[in-house]
Amino acid sequence: MMRTTSGTTIAPSTAPSMFDVNSRAGFETRPAGNAVSLEEEMMKVSANQMDYAAVTSLYSKSLHLLKTAIGKG
């Protein structure tokens with residue numbers, strides 16, 4: 001338990017910590033100790049792929065626009 005030493009200190013927040021152990025309560029832990037959800041990880045991979053594709057597309061369009069502006073496109 002945290003205690004304050006002075007009345008002028010800031011009181012600790014009662015908000016749950018992002019490192020809360022119970023935040024993964026929706027996942028089963030396998031006997032080997034693995035609690036990774038394959039579905040969630042695949043969703044993260046697909047989101048990263050879509051983000052990467054969007055960024056590379058914007059970059060190449062910007063590069064083409066710059067080349068056109070300097071007369072080499």
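This passage describes the fold, the surface and the side-chain interactions of a predicted protein model. Residues are numbered from 1 along each chain as its sequence is written, and side-chain values use heavy atoms, with hydrogens and water left out. Because the model is predicted, local features need pLDDT of at least 70 and side-chain atom pairs count only at pLDDT 80 or more, whereas totals for chains, interfaces and linings use all residues.

The protein contains one helix and zero strands; helices (H or I, at least four residues) and strands (E, at least two) are DSSP runs, numbered from the N terminus. The helix, H1, spans residues 38-69. Of the 73 residues in the protein, 1% are buried, where buried means under 20% relative accessible area, exposed over 50%, and partly exposed in between (1.4 Å probe, protein chains only). The exposed area of the protein is about 7200 Å², and carbon and sulfur atoms supply 63% of it. Accessible areas come from the Shrake-Rupley method with a 1.4 Å probe; for residues, only the protein chains shown count as cover.

Two salt bridges are found in a search of the whole structure, a salt bridge being a side-chain nitrogen of Lys or Arg within 4 Å of a carboxyl oxygen of Asp or Glu. One of them joins Glu 40 to Lys 44, with the closest N and O atoms 3.6 Å apart. These two residues are four residues apart in helix H1, so about one helical turn separates Glu 40 from Lys 44. A salt bridge also forms between the side chains of Lys 44 and Glu 41, at 3.7 Å from N to O. Lys 44 and Glu 41 both lie in H1 and are three residues apart, again about one turn of the helix. Glu 40, Glu 41 and Lys 44 are thus linked in a network of salt bridges. Each member of this network is partly exposed: Glu 40 has a relative accessibility of 33%, Glu 41 has a relative accessible area of 33%, and Lys 44 has one of 42%.

Asn 34 lies in the segment before H1. With 35% relative accessibility, Asn 34 counts as partly exposed. When residues up to four places away in sequence are not counted, Asn 34 touches Glu 28 and Thr 29, contact meaning heavy atoms within 4.5 Å. The side chain of Asn 34 also reaches the backbone nitrogen of Val 36, at 3.0 Å. A polar contact is a pair of N or O atoms within 3.5 Å; within protein, one must be able to donate a hydrogen and the other to accept it, and residues adjacent in sequence count only if both atoms are side-chain atoms.
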